[in-house]
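Reader: I'm new to reading structures and I keep meeting labels that nobody explains. Could we go through some of them and check what each one rests on?

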Amino acid sequence: PSLSLSVSKSRCQAVQAENVTVLEGGTAQISCRLQNYDGSIVVIQNPRRQTLFFNGTRALKDDRFQMVLFTPRLVRITLTNVSVSDEGGYFCQLYTDDTHHQVATLSVSVPPDTPTVEVKQEAVEGGEVELTCLSPRSKPPATLRWIRDRREIPGVVSQQENGKTVSVSSTIRLPVERKDNGAAVSCEASHPALGGQKRVRHYRLDVHFAPTVRIIPPPGILREGDSLSLTCSITGNPLPRDVQWTRINDTLPERAEISGPTLQVSRLSQSHNGTYLCQAQNNYGRAADHYTLLVYDPGAVIETHSAVPYAVIGGVLALLVFTVICVLIVTVWCSVRQKGSYLTHEASGLDEHGEVQEAFLNGNDASQGKKEYLL
């Protein structure tokens, strides 16, 4: 970048100047372009009106300023390692019969560094976490954005001036659960001096929660003489350091060996039967899981097989008894039905006998009628 300083045109001589913006830490070129120069004195001064150069001679002991060119057409100096304190108007004066000067303004742009993320207090499951993204120094003020899962999270923005630079912060509040532990959020700082690029700070949520415990059981059936290996799988934040193995209502076997979350017992016997408990805790709670060990006795297995035929015989006898009962029920039901049918026929016979009696009682009338018919 370059900075040109000038004095407004006169009839005979003139000096031209231009404003310029330089990045902090960069180098500015301060040029005085002369027209119709007749050898008059040229003086360059800083914003505090201190003379930097008198013609080509250094006047101020500041090695950051260097005279790199002095000709009848162009006077040029450079300023290295520019800071915001160097901002202001630089004077290029041409001493003639009428002294003229032109002021050019040097502006220093300060891009933001990568922002920082601050946590007000630790995040606990079921609560909220407050995160603050801070860009402590920029000019002009940087723009901060929170991003999570490619979506912007609106934040509360505040600014504070620190001399010629500005401190910018953006604060968000997020509800958190244990599933959010390790989730990524990002704070992006953008600035005109970055040319479209962004300074990004990534942050992973640290959510504290109570532990969970699960015992991973061994596969298959355990018999006398086998070895037992139980592993206690534990989650939690912070992860519990100490794991406690116990046996409910009894002590652990003498041959039990504990290595971190793993419990091992060699040469099992029935005396090792029982319920084994794994426990773990952190500052947010305690959790436990249990496993019931049952060591099988081969002798008991044989007795169980020998009892099977008796169970079959008992089942067959029960089936026979049930069949006999069903037959008796059917027989009784049929007998009752036949007796009802007999009674019905007997009643029908009585009806016919009644009709005969009635005919007999009315026989005189009938015979008389018959007689009348014969006459």
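Reader: What makes Cys32 and Cys92 a disulfide?

Author: This is a predicted model, and in it the sulfur atoms of Cys32 and Cys92 sit 2.2 Å apart. The cut-off is within 2.5 Å, so the pair counts as a disulfide. Cys32 belongs to strand 4 and Cys92 to strand 10, 60 residues apart, and the pair links distant parts of the chain.

Reader: Why is Cys32 called buried?

Author: Its relative accessibility is 0%, and buried means under 20%, so Cys32 earns the label. Cys92 has a relative accessible area of 0% too, so that one is buried as well.

Reader: How many disulfides are there?

Author: The structure holds three. Another one joins Cys133 and Cys187, with sulfur atoms 1.8 Å apart. Cys133 is in strand 14 and Cys187 in strand 19, with their positions 54 residues apart. Then there's Cys232 with Cys278, whose sulfur atoms are 1.9 Å apart. That link runs from strand 22 to strand 26, across 46 residues. Number the bonded cysteines in sequence order and the pairing reads 1-2, 3-4, 5-6.

Reader: Why is the disulfide of Cys232 and Cys278 called left-handed or right-handed?

Author: Look at the torsion about the S-S bond: for Cys232 and Cys278 this is about -95 degrees, so the disulfide is left-handed. The link of Cys133 and Cys187, with -85 degrees, is left-handed too.

Reader: OK, what about the middle of things? Which residues of the largest nonpolar core touch the most other members?

Author: That core has 23 residues, and those with the most contacts to other members are Leu52, Phe65, Ile77, Leu79, Tyr90 and Leu106. Several strands give two or more residues to the core, including strand 5 (41–45), strand 9 (74–79) and strand 11 (100–109). Strand 4 gives the most, with four residues. Apart from this core lies another, of 19 residues, among them Val117, Val129, Ile153 and Val185.

Reader: What does Ile77 touch?

Author: Leaving out residues up to four places away in sequence, its contacts include Ile30, Ile44, Leu52, Phe53 and Phe65.

Reader: Last one: how do you know whether His272 is buried or exposed?

Author: Its relative accessible area is 7%. Buried means under 20% and exposed means over 50%, so His272 is buried. His272 sits in the loop between strand 25 (262–265) and strand 26 (274–282). Among the residues His272 touches are Arg247, Pro253, Arg255 and Leu293.

Methods. Residues numbered from 1 in each chain as written. Predicted model: local features only at pLDDT ≥ 70, side-chain atom pairs only at ≥ 80, totals over all residues. Heavy atoms only, no water. Buried < 20%, exposed > 50% of the residue type's maximum accessible area, 1.4 Å probe, protein only. Contact = heavy atoms within 4.5 Å. Core = buried A, V, L, I, M, F, W, Y, C linked by side-chain atoms within 4.5 Å.
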